[in-house]
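Open the model in your viewer and keep the selection tool at hand. The tour moves from the whole chain to single pairs of side chains.

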Amino acid sequence: MFKILSLFILGNISFVRSSQFYGDSRFKTFQKTENTLSLGTGYSSTECALRCKLKKKKQFVKVENTGECLCDDRFVKVKEKINEQVSEDEHAEGVVFEASQHITPRKSCRTIKEKNDFSSKSGYYYVMFDKVTRVYCDMETQGGGWMAITNLTADGNTPIPRETTYTYDIHEMGKISEGRFLLAMSQVARLQQYIGRITQFRFYCTKAWHGRIVHVTNKLNEAGLLLRNSALDKDIRWVLVDACPGPDALYRLEDDTSTLLKCPYRNRNIYGMTAENIIYDHFLYTNNVATLYLKRFECDDLSGYSGFTKNGQWIYYVR
């Protein structure tokens with residue numbers, strides 16, 4: 001899965017259609033049918049497709065000269081007009097598209113997965129918050145339904161993340177492919193207005209210099225939900241959890257090779273501080289061992305370690 005994510009970070013989105021709808025690149029003359037529905041003007045092609053799907057229509061078209069969004073189950077295509085005067089109500093010029101499998105009226109990756117839409121493949125989806133928004137969904141890991149909220153690939157020239165560099169608009173989540181995206185926690189909380197209550201966070205990071213991976217999610221038990229609360233509530237300062245077997249808060253995924261969460265270390269500290277964006281601070285912390293501290297480019301290491309480099313990758317999800 002993370003090999004795939006590495007591809008989209010590099011911009012080679014080979015696993016998702018670069019065009020989010022199917023259609024002929026040549027403009028065609030088509031005839032409206034009695035089932036043609038006009039949604040008016042002012043919509044992008046993507047939003048037109050999504051709104052047509054909401055109306056349970058299978059095709060859509062953006063009329064070339066007016067920008068009108070039309071929906072239908074089937075447009076009658078007219079091969080040519082031979083010395084015939086026709087009204088705009090009968091015929092129009094445009095591209096007839098089939099609505100894409102990745103344009104959905106669902107509001108969350110989790111709902112798409114639960115409904116098994118489009119075989120629930122990982123990739124970009126256009127979903128409907130209060131307006132159309134492009135998001136990345138991981139549909140394979142731990143049952144799928146994960147929405148990406150952070151994607152940072154750091155090298156020697158990457159500036160330290162600051163409050164002013166976080167994204168404070170959920171409608172820009174499609175920019176996560178740029179590899180410099182951190183959604184502010186105020187916006188993560190806002191997501192719940194549309195996708196429902198967030199119950200789980202998932203944290204992934206890796207660095208080449210030590211070769212280890214941190215990959216962990218909170219459990220849905222009392223301790224795990226307290227960790228969830230510490231992420232969303234900046235007034236919760238310290239939560240002591242343990243990643244060893246037993247009534248702990250954290251679940252280590254199969255590819256986790258971290259020392260941060262390695263047993264028998266004890267007293268895993270979830271350190272939130274009273275900060276606005278606490279998941280980017282000392283969120284996972286084992287004293288004098290390692291941290292998950294994105295604002296200091298720490299991933300299962302400490303900046304004082306010999307050989308330390310900030311080069312690495314951090315990807316966070318919610319569902």
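Partly exposed means a relative accessible area between the buried limit, under 20%, and the exposed limit, over 50%. Keep those cut-offs in mind for the stops below. Note too that this is a predicted model.

**Whole chain**

Start with the protein chain in cartoon. Its secondary structure comes to five helices and 20 strands. Now colour by accessibility. Of the 319 residues, 52% are buried. Switch on the surface: the chain exposes about 14900 Å², with carbon and sulfur atoms supplying 47% of it. Then turn to contacts. Among those between residues at least 6 apart in sequence, 64% join residues at least 24 apart.

**The cavity**

Which residues line the largest cavity? Select S108, C109, R110, G145, M147, I195, V318 and R319. They divide into four nonpolar, two polar and two charged residues. The space inside is about 30 Å³. A search of the whole structure finds one cavity of 30 Å³ or more.

**Salt bridges**

Side chains of opposite charge can pair when their charged atoms come close. The count here comes to nine salt bridges. Three of them follow.

*First pair.* Select R190 and D130. Their closest N and O atoms are 3.9 Å apart. R190 sits in helix α4 (residues 185-195), and D130 in the loop between β8 (123-128) and β9 (132-138), so the salt bridge ties together parts 60 residues apart in sequence. Are these two partners buried or exposed? R190 has a relative accessible area of 23%, so it is partly exposed. D130 has 43%, so it is partly exposed as well.

*Second pair.* Go to R252 and D256. The closest N and O atoms of this salt bridge are 2.7 Å apart. R252 is partly exposed, at a relative accessible area of 26%. D256 counts as buried because its relative accessibility is 8%, and the limit for buried is under 20%.

*Third pair.* Finish at D281 and K295, a salt bridge with its closest N and O atoms 3.5 Å apart. This pair links distant parts of the chain, 14 residues apart. Find D281 in the loop between β16 (268-271) and β17 (284-286). K295 is in the loop between β18 (290-293) and β19 (298-301). Show the surface again here. D281 counts as buried, at 3% relative accessibility, whereas K295 is partly exposed, with a relative accessible area of 21%.

Definitions and conventions: Residues are numbered from 1 along each chain as its sequence is written. This is a predicted model: local features need pLDDT of at least 70, side-chain atom pairs count only at pLDDT 80 or more; totals for chains, interfaces and linings use all residues. Side-chain values use heavy atoms; hydrogens and water are left out. Helices (H or I, at least four residues) and strands (E, at least two) are DSSP runs, numbered from the N terminus. Buried means under 20% relative accessible area, exposed over 50%, partly exposed in between (1.4 Å probe, protein chains only). Contact means heavy atoms within 4.5 Å. Accessible areas come from the Shrake-Rupley method with a 1.4 Å probe; for residues, only the protein chains shown count as cover. On a 1 Å grid over the protein atoms alone, a cavity is a set of points where a 1.4 Å probe fits but cannot get out, and a pocket is an open set with protein on both sides within 12 Å along at least five of seven lines; lining residues have an atom within 4 Å of a point. Grid points are joined across faces, edges and corners, and a volume is the space filled by probe spheres set on the points. Ala, Val, Leu, Ile, Met, Phe, Trp, Tyr, Cys and Pro count as nonpolar, Asp, Glu, Lys and Arg as charged, and the others, Gly among them, as polar. A salt bridge is a side-chain nitrogen of Lys or Arg within 4 Å of a carboxyl oxygen of Asp or Glu.
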